[in-house]
Amino acid sequence: MKYALGPVLWYWPTEQLSAFYQAAAESSADIVYLGEAVCSKRRATKFNDWLNIAHMLRDSGKQVVFSTLALVQSPSELSEIKRYVDNGEFLVEANDLGTVNIAAEQNLPFIAGLALNCYNAVTLRLLLKQGMMRWCMPPELSRDWLANILTQCESLGIRQQFEVEVLGYGHLPLALSARCFTARSENRAKDECETCCINYPQGRRVLSQENQQVFVLNGIQTMSGYCYNLANDQISMQGMVDILRLSPENNETPALIDRFRANQRGTEPLMMAQRNDCNGYWRNLAGLVLQE
């Protein structure tokens with residue numbers, strides 16, 4: 001199994017991003033995703049900055065993938081996405097069908113990202129015709145669902161034509177909205193948000209009346225309140241999953257890959273934080289559940 005670092009979904013200053021990707025370059029990650037995948041107003045890191053980081057990571061032996069927006073709302077955003085697709089050097093993760101179309105028009109291979117609503121083998125076959133080379137399973141699906149989809153792919157004769165990637169660590173991206181909940185929480189209009197999400201490097205917590213952390217607000221993105229952690233579920237992925245993705249939480253996430261690798265065969269289980277971790281979706285349970 002290979003290990004990937006997903007794109008940083010939080011809004012971090014360029015200096016913090018640079019420190020994170022330096023740690024990523026020194027880590028045992030096989031694949032590193034980078035780029036803005038949440039909100040186009042987050043412009044602290046420019047295209048050329050991302051390109052410089054990509055070159056540094058490639059020089060350190062990583063496969064580099066540019067992630068693109070999951071909610072495209074304007075022609076200017078499509079134009080910016082086209083700039084990433086046209087980079088001429090690196091693969092692109094498409095999180096929106098508009099990006100899929102741009103890549104397909106140019107006969108460029110792409111990775112079907114977590115945000116694409118792909119739940120069956122017929123959809124996968126369609127994406128394959130468009131140029132898909134890797135499918136990132138939507139994080140709300142279970143192991144049983146994955147097994148069923150791959151069985152369908154076998155019957156269609158396409159199982160060996162793409163890689164399967166699963167999100168195995170990090171706060172789950174659940175939904176996107178045209179409104180910005182982080183701005184609203186500060187009584188700001190979205191158009192006058194002043195990218196206040198940069199003040200919350202790990203999002204804003206949302207608690208229930210019972211004081212349970214049910215969600216985390218990340219700009220226009222709503223994320224799970226608990227951290228998804230499949231470190232102890234890797235043995236159940238054998239024969240199905242090619243790549244396990246860790247979503248960056250902080251600068252310590254790249255080093256966590258070594259602990260995942262050590263437990264790939266289930267012989268060195270990681271301790272799970274009862275109030276902070278969950279693995280319910282993978283086990284076909286409620287998302288907030290942690291089953292040891």
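These legends walk through several close-up views of a predicted model.

**View 1. Helix 1, from end to end.** Let us start with helix 1, which runs over residues 14–26 and holds 13 residues. From first C-alpha to last, helix 1 reaches 18 Å, close to the 18 Å expected at 1.5 Å a residue.

**View 2. The two sides of helix 1.** Which residues of helix 1 are buried? They are Leu 17, Phe 20, Tyr 21, Ala 24 and Ala 25. These residues cover an arc of only 145° around the axis, which puts them on the same side of helix 1. An α-helix has 3.6 residues a turn, so residues three or four places apart point the same way. Turn to the other side of helix 1 and you will find Glu 15 and Glu 26 exposed.

**View 3. What helix 1 packs against.** The buried residues of helix 1 pack against two strands and two helices: strand 1 (2–5), strand 2 (31–34), helix 2 (47–59) and helix 8 (253–262). Two of those buried residues, Phe 20 and Tyr 21, also belong to an aromatic cluster, joined there by Trp 12 and Trp 50.

**View 4. Phe 47 beside Phe 66.** The count of aromatic pairs in the model comes to eight. One of them is formed by Phe 47 and Phe 66, with 6.5 Å centre to centre and 35° between the planes, a tilted arrangement. This pair links distant parts of the chain, 19 residues apart: Phe 47 belongs to helix 2, while Phe 66 belongs to strand 3 (residues 63–67). Are these two rings buried or exposed? Phe 47 has a relative accessible area of 11%, so this residue is buried. Phe 66 counts as buried too, because its relative accessibility is 0%.

**View 5. Phe 47 beside Tyr 84.** Phe 47 also pairs with Tyr 84: the ring centres are 4.9 Å apart and the planes stand at 80°, so the pair is edge-to-face. Since Phe 47 lies in helix 2 and Tyr 84 in helix 3 (residues 75–85), the pair ties together parts that are 37 residues apart in sequence. Both Phe 47 and Tyr 84 are buried.

**View 6. Arginines over aromatic rings.** Where does the charged end of Arg 245 sit? It sits over the ring of Tyr 33, 4.1 Å from the ring centre. Elsewhere, Arg 159 places its charged end over the ring of Phe 162, at 5.8 Å from the centre of that ring.

Methods
Residues are numbered from 1 along each chain as its sequence is written. This is a predicted model: local features need pLDDT of at least 70, side-chain atom pairs count only at pLDDT 80 or more; totals for chains, interfaces and linings use all residues. Side-chain values use heavy atoms; hydrogens and water are left out. Helices (H or I, at least four residues) and strands (E, at least two) are DSSP runs, numbered from the N terminus. The expected span of a helix is 1.5 Å times one less than its number of residues. Buried means under 20% relative accessible area, exposed over 50%, partly exposed in between (1.4 Å probe, protein chains only). The arc is that of the directions from the helix axis to the C-beta atoms. Contact means heavy atoms within 4.5 Å. Rings of Phe, Tyr and Trp (its six-membered ring) pair if their centres lie within 6.5 Å; planes under 30 degrees apart count as stacked, over 60 as edge-to-face and the rest as tilted. A charge sits over a ring if NZ of Lys or CZ of Arg is within 6 Å of the ring centre and within 35 degrees of the ring normal.
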